[in-house]
Amino acid sequence: MQISITLNGRKITEDVTPKLLLIDWLRAHGCYSVKRGCETSNCGLCTVFMEDKPVLSCSVLAVRADGKRIETLEGLKEEAEEFGAFIAGQGAEQCGFCNPGMIMNAIALFRENPEPTEEEIKEYLAGNLCRCSGYEGQLRGIQEFLSYKKGGGAQ
Ligand code: FES
Ligand code: FES
């Protein structure tokens with residue numbers, strides 16, 4: 001079946017099999033930030049934005065994205081780099097495998113709720129599995145980033 005998806009601002013039209021998962025379609029188009037962790041909607045590593053809303057691409061068929069805009073970390077470089085520096089600064093990035101999914105979810109949180117409470121941040125982080133850290137560094141990185149933004153972007 002033929003689908004058209006606008007991936008990171010570029011429209012792609014092609015034939016796919018009905019069973020193809022969005023994660024596989026994205027990786028076949030060079031979006032290697034989209035990682036396969038659990039494939040059971042539990043780890044958040046495969047998070048992408050569909051029409052600006054975070055979705056787990058391991059649980060979405062590529063055909064469901066037909067006619068939609070999809071953004072991956074590759075398309076959010078500036079936002080991701082700015083925030084990623086705060087995570088790295090807290091030493092929260094160990095093996096780094098969970099990082100792209102965590103950054104996507106954090107960006108979704110900042111867009112939806114620019115002033116989250118600690119509890120709200122924890123709720124967001126809960127959907128993002130990290131085998132290395134205890135989430136404390138990630139929490140501190142997010143909080144530091146938010147105060148930096150609140151202060152108008154000056155460190
Ligand atoms: S691979 Fe999709 S949620 Fe884990
Ligand atoms: S830093 Fe290794 S899984 Fe999160």
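Reader: Hi! I'm new to this one. How many residues of domain 1 are in contact with domain 2?

Author: Welcome! In this predicted model, 16 residues of domain 1 are in contact with 16 residues of domain 2.

Reader: Thanks! And where do the two domains sit in the protein?

Author: Domain 1 covers 2–74, and domain 2 covers 76–150. Their C-alpha centres lie 22 Å apart.

Reader: What area do domain 1 and domain 2 bury between them?

Author: About 1400 Å². Carbon and sulfur atoms account for 66% of that area. On the domain 1 side, Leu 45, Phe 49 and Leu 73 supply 43% of what the domain buries against domain 2, more than any other three residues.

Reader: Nice. Which strand gives the most to that side of domain 1?

Author: That would be strand E3 (residues 47–50), with three residues. Sorted by type, the residues on the side of domain 1 that touches domain 2 are six nonpolar, five polar and five charged.

Reader: How many salt bridges does the rule find across the interface of domain 1 and domain 2?

Author: Zero. The rule does find five residue pairs in polar contact across the interface of the two domains, though.

Reader: OK, and how many salt bridges does the count come to by this rule?

Author: Eight. One of them joins Arg 69 to Glu 51, with the closest N and O atoms 3.7 Å apart.

Reader: Why does that pair count?

Author: The cut-off is 4 Å between such atoms, so Arg 69 and Glu 51 qualify at 3.7 Å. The two are 18 residues apart in the chain: Arg 69 is in strand E5 (residues 69–71), while Glu 51 is in the loop between E3 and strand E4 (53–56).

Reader: Switching topic: how many aromatic pairs does the structure hold?

Author: Six. Among them is the pair of Phe 86 and Tyr 148, which is tilted, with 5.0 Å centre to centre and 45° between the planes.

Reader: Where in the chain are Phe 86 and Tyr 148?

Author: Phe 86 belongs to helix H2 (residues 77–89) and Tyr 148 to helix H5 (residues 136–150). The pair links distant parts of the chain, 62 residues apart.

Definitions and conventions. Residues numbered from 1 in each chain as written. Chains lettered and ligands numbered in written order. Predicted model: local features only at pLDDT ≥ 70, side-chain atom pairs only at ≥ 80, totals over all residues. Heavy atoms only, no water. Domains from an automatic or database assignment. Contact = heavy atoms within 4.5 Å. Buried area = accessible area lost by both parts, 1.4 Å probe. Salt bridge = Lys/Arg side-chain N within 4 Å of Asp/Glu carboxyl O. Polar contact = N/O pair within 3.5 Å; in protein donor to acceptor, adjacent residues only side chain to side chain. Helix = DSSP H or I, 4+ residues; strand = E, 2+ residues; numbered from the N terminus. Nonpolar A, V, L, I, M, F, W, Y, C, P; charged D, E, K, R; others polar. Phe/Tyr/Trp six-rings, centres within 6.5 Å; stacked < 30°, edge-to-face > 60°.
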